[in-house]
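Work through the exercises below with the sequence and the model side by side. Try each task before reading its solution.

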Amino acid sequence: MTKCPICGFFKTKIYWKHKDMIIDKCDGCQTLFQDPKSPVLNDNELITQIYEQYKESFENHISINISRIEKIEKITGIKVKNLKILEIGCGNGALGSILIDKKNDYWAFEAYPVFQKELARNKKLSDKVFFSQFDPQKIKGGNFDLIIANDVIEHLLAPLTLLKQLRDFMKEKGLIWIEVPDESYIEIKGLIRIITKMYVKGYPTNPDHKILFDKKTFLNFLKISGYKIKNYEIDSVWGDKEKLSVVFNGKIPFYVKTISEILKITSLDKIIGASIIGVLEK
Ligand SMILES: [Zn+2]
């Protein structure tokens, strides 16, 4: 029995055990999470290997993030220009690089060495990024219009603590933009990932994901965050050409394009593969 990272409840049980990965489920809030004793969490070599794969697709990440900014503007109604922006977990810096071009005062944190090395060589970003986990001491007095956490919250052991800390760094009308992968239907997705040897050796989910949100448990997380929910949206992956392009290393096979079109027309794309977006305000 372990402590749920979302509600703090101690009644949890093992939900799925595969190789050296242990996924638990909370009896209280139903959230799935990797057991802190899941051995694969400490396999740094494997985790670095997984992220090394992303480095080859910087150009694709630029196109994904151009559409991401359009999405932020559409959903929140704010213009992403001349803003003071903080990104938690900026990865290879693709989003930051566009935000700087758009005349935003951009700052970021990145804790993973594999991305830090790449960022250190990027002249535009190297002095805008703190090479560590989020640390309130480093941005004293920062007063941000927009805080972005894309694919970050699911990597944290205590995501609510981070959200609590961020409150002091937001302007009165500031917003927090959060995106997490939607792990609904994990039973099916997990089997496919095992069979196709995803994440190098084949695991039900990314070995580095500590929390596996679905639509319901993510909404619950937003509700107990202490903020007001401004927006909650499901965003398609299968209906998104740029995102598919990353998955298939720039060359999307014809049959995948066809499947993607069908899924988009029938709206099934938002059920089987999606990210979930939450926008929070004070
Ligand atoms: Zn819970």
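**Exercise 1: the seven-stranded sheet**

Pro181 stands opposite Ser275 in E11. The model is a predicted one, in which local features need pLDDT of at least 70 and side-chain atom pairs count only at pLDDT 80 or more, while totals for chains, interfaces and linings use all residues. Residues are numbered from 1 along each chain as its sequence is written.

Task: starting from that pair of residues, find which strands E8 pairs with, and place E8 in its sheet.

Solution. Begin with the naming: helices (H or I, at least four residues) and strands (E, at least two) are DSSP runs, numbered from the N terminus. Two strands pair if DSSP finds at least two bridges between them. E8 covers residues 170–182, and eight bridges join E8 to strand E11 (residues 274–281), the two running antiparallel. Next, turn to strand E7 (residues 144–150), which pairs with E8 in the parallel sense over six bridges; within this pairing, Ile148 of E7 has Trp177 in E8 as its bridge partner. Finally, read the whole sheet, which is open and has seven strands in the order E6-E5-E4-E7-E8-E11-E10, with mixed pairing. Strand E6 (129–130) and strand E10 (228–236) stand at the edges, each with a single partner strand, so one side of each is left without a neighbour in the sheet.

Task: decide whether E8 is mostly covered or mostly open.

Solution. The rule counts C-beta atoms placed from the backbone: a residue is buried if 20 or more other C-beta atoms lie within 10 Å of its own, exposed if 12 or fewer, and partly exposed in between. By this rule ten of the 13 residues of E8 are buried, and the strand is mostly covered.

**Exercise 2: the four-stranded sheet**

Task: trace the order of the strands in the sheet that holds E1, and name its edge strands.

Solution. First, take strand E1 (residues 12–18) and strand E2 (residues 21–26), which pair in the antiparallel sense over six bridges; here Ile14 has Asp24 in E2 as its bridge partner. The hairpin that these strands form has two residues between the strands, and in it Lys19 takes a positive phi near 50°. Next, E2 and E3 pair in the antiparallel sense over three bridges, with Gln34 in E3 as the bridge partner of Ile23. The complete order is E1-E2-E3-E9, in an open sheet of four strands with antiparallel pairing. The edge strands are therefore E1 and strand E9 (211–212), since each pairs on one side only.

**Exercise 3: two helices that cross**

Task: describe how H2 and H3 are placed relative to each other, and which residues meet.

Solution. Start with the axes, which are lines fitted to C-alpha atoms, for helices over the stretch in contact, with angles running from 0 to 180 degrees between N-to-C directions. The axes of helix H2 (residues 58–76) and helix H3 (residues 94–101) come within 8 Å and cross at roughly 55°. That makes H2 oblique to H3, where angles under 35 degrees count as roughly parallel, over 145 as roughly antiparallel, 65 to 115 as roughly perpendicular and the rest as oblique. Then list the contacts, two residues being in contact if their C-beta atoms, placed from the backbone, lie within 7 Å: Phe58, His61, Ile62, Asn65, Ile66, Arg68 and Ile69 in H2 meet Ala94, Leu95 and Ile98 in H3.

**Exercise 4: residues in loops**

Task: is Val152 buried or exposed, and what does Val152 touch?

Solution. Val152 lies in the loop between E7 and helix H5 (159–166). With 21 other C-beta atoms within 10 Å, Val152 is buried. Leaving aside neighbours within four places in sequence, Val152 is in contact with Ile88 and Gly89.

Task: where does Val40 lie, and which residues does Val40 touch?

Solution. The loop between strand E3 (32–34) and helix H1 (44–52) holds Val40, which is partly exposed, with 18 other C-beta atoms within 10 Å. Not counting residues up to four places away in sequence, Val40 touches Asp20, Met21, Leu46 and Pro207. The C-alpha atoms of Val40 and Met21 are separated by 5.6 Å, although these residues are 19 residues apart along the chain.
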